[in-house]
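Reader: I should be grateful for a close examination of one part of this protein, namely its main pocket. Kindly describe what surrounds that pocket and then set it beside other local features of the chain.

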Amino acid sequence: MDELKLCESDYRFMSVIWDNEPLSSRELVELCSDKLGWKKSTTYTTLKKLCEKGFAANTETVVTSLVARKDVQAYASEHFVEHTFAGSLPSFLVSFLGGKKISEKEAAELKRLIDEHKEG
């Protein structure tokens with residue numbers, strides 16, 4: 001799948017699947033009613049659309065995801081940084097932090113992640 005972009009409502013719907021899979025389509029309807037305030041028809045329409053796009057599967061009334069949450073998040077993050085900050089991760093971090101201070105533990109974790117992903 002070339003594009004892993006989901007609108008906010010589709011992401012919330014997929015989160016219900018990711019958090020509870022595998023689940024029956026009946027369970028999905030109940031969860032979407034409770035968590036999203038959706039009617040049965042909205043749930044089934046969205047499920048059909050996301051199955052057609054390759055994000056989910058509904059096989060013999062058992063619903064599962066076909067795309068991992070982390071892959072959708074990675075795509076959205078990369079797309080956001082690319083289009084909002086011209087691909088500059090440092091510019092994104094400066095804007096994200098907005099003058100806030102981070103703890104020593106958070107700084108160490110960020111340094112570890114940066115070292116892990118450095119080129120060469």
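Author: The account below begins with the pocket and then turns to the salt bridges and the backbone. The model is a predicted one, and every value given here is computed from it.

The largest pocket holds about 350 Å³ of space. In general terms, rolling a probe the size of a water molecule over the atoms shows where empty space is left. Ten names make up the lining in this case: Leu89, Phe92, Leu93, Phe96, Leu97, Ile102, Glu106, Leu110, Leu113 and Ile114. By class, 9 of these residues are nonpolar and 1 is charged, while no polar residue takes part in the lining. Since Glu counts among the charged residues, the charged member of the lining is Glu106.

Which helices supply at least two residues each to this lining? They are α5, which spans residues 89-97, and α6, which spans residues 104-117. The largest share comes from α5, with 5 residues. One of the lining residues, Leu97, has its place in helix α5. Leu97 has a relative accessible area of 28%, and is therefore classed as partly exposed. The C-alpha atom of Leu97 lies 23 Å from that of Glu8, a residue 89 positions away along the chain.

Ile102 is also part of the lining, but its place is in the loop between α5 and α6. With a relative accessibility of 37%, Ile102 counts as partly exposed. Ile102 has a further role in the description of the surface: together with Leu110, Leu113 and Ile114 it makes a nonpolar surface patch of about 310 Å². Ile102, Leu110, Leu113 and Ile114 are likewise named in the lining of the largest pocket. The pocket lining and the nonpolar patch thus have these four residues in common.

Helix α6 also carries charged pairs. In general, side chains of opposite charge can pair when their charged atoms come close. Arg112 forms a salt bridge with Glu109, in which the closest N and O atoms are 2.8 Å apart. Both residues lie in helix α6, where a spacing of 3 residues amounts to about one turn of the helix. Arg112 is partly exposed at a relative accessible area of 39%, and Glu109 is partly exposed at 37%. The pairing extends beyond these two, as Glu109, Arg112 and Glu116 are linked in a network of salt bridges.

For the whole model, the count comes to 9 salt bridges. One of them joins Lys49 to Asp10, with the closest N and O atoms 2.9 Å apart. Lys49 belongs to helix α3 (residues 40-52) and Asp10 to helix α1, so this pair ties together parts that are 39 residues apart in sequence. The two partners differ in their surroundings: Lys49 is partly exposed, at 34% relative accessibility, whereas Asp10 is buried, at 4%.

Another salt bridge is formed by the side chains of Glu30 and Arg26, at 2.7 Å from N to O. These residues stand 4 apart in helix α2 (residues 25-36), and are therefore separated by about one helical turn. Glu30 has a relative accessible area of 41% and is partly exposed, while Arg26, at 54%, is exposed.

The backbone has some notable points of its own. The peptide bond from Glu21 to Pro22 is cis, with omega near -10°. Pro22 is situated in the loop between α1 (8-20) and β1 (23-24).

Where do Glu60 and Thr61 lie? Glu60 is in the loop between β2 (56-59) and β3 (62-65), and Thr61 is found in the loop between β2 and β3 as well. Glu60, although not a glycine, has a positive phi of about 50°. Thr61 likewise has a positive phi, near 65°, and is a residue other than glycine. Glu60 has a relative accessibility of 73%, so it counts as exposed. Thr61, with a relative accessible area of 49%, is partly exposed.

To return to the pocket, its lining draws at least two residues from each of α5 and α6, and 9 of the lining residues are nonpolar.

Methods: Residues numbered from 1 in each chain as written. Predicted model: local features only at pLDDT ≥ 70, side-chain atom pairs only at ≥ 80, totals over all residues. Heavy atoms only, no water. 1 Å grid on protein atoms, 1.4 Å probe; cavity = no way out; pocket = protein on both sides within 12 Å on 5 of 7 lines; lining within 4 Å. Points joined across faces, edges and corners; volume = space filled by probe spheres on them. Patch = residues over 30% accessible without salt bridge, like charges linked within 9 Å, V, L, I, M, F, W, Y side chains within 5 Å. Areas by Shrake-Rupley, 256 points an atom, 1.4 Å probe, with all protein chains shown as cover. Buried < 20%, exposed > 50% of the residue type's maximum accessible area, 1.4 Å probe, protein only.
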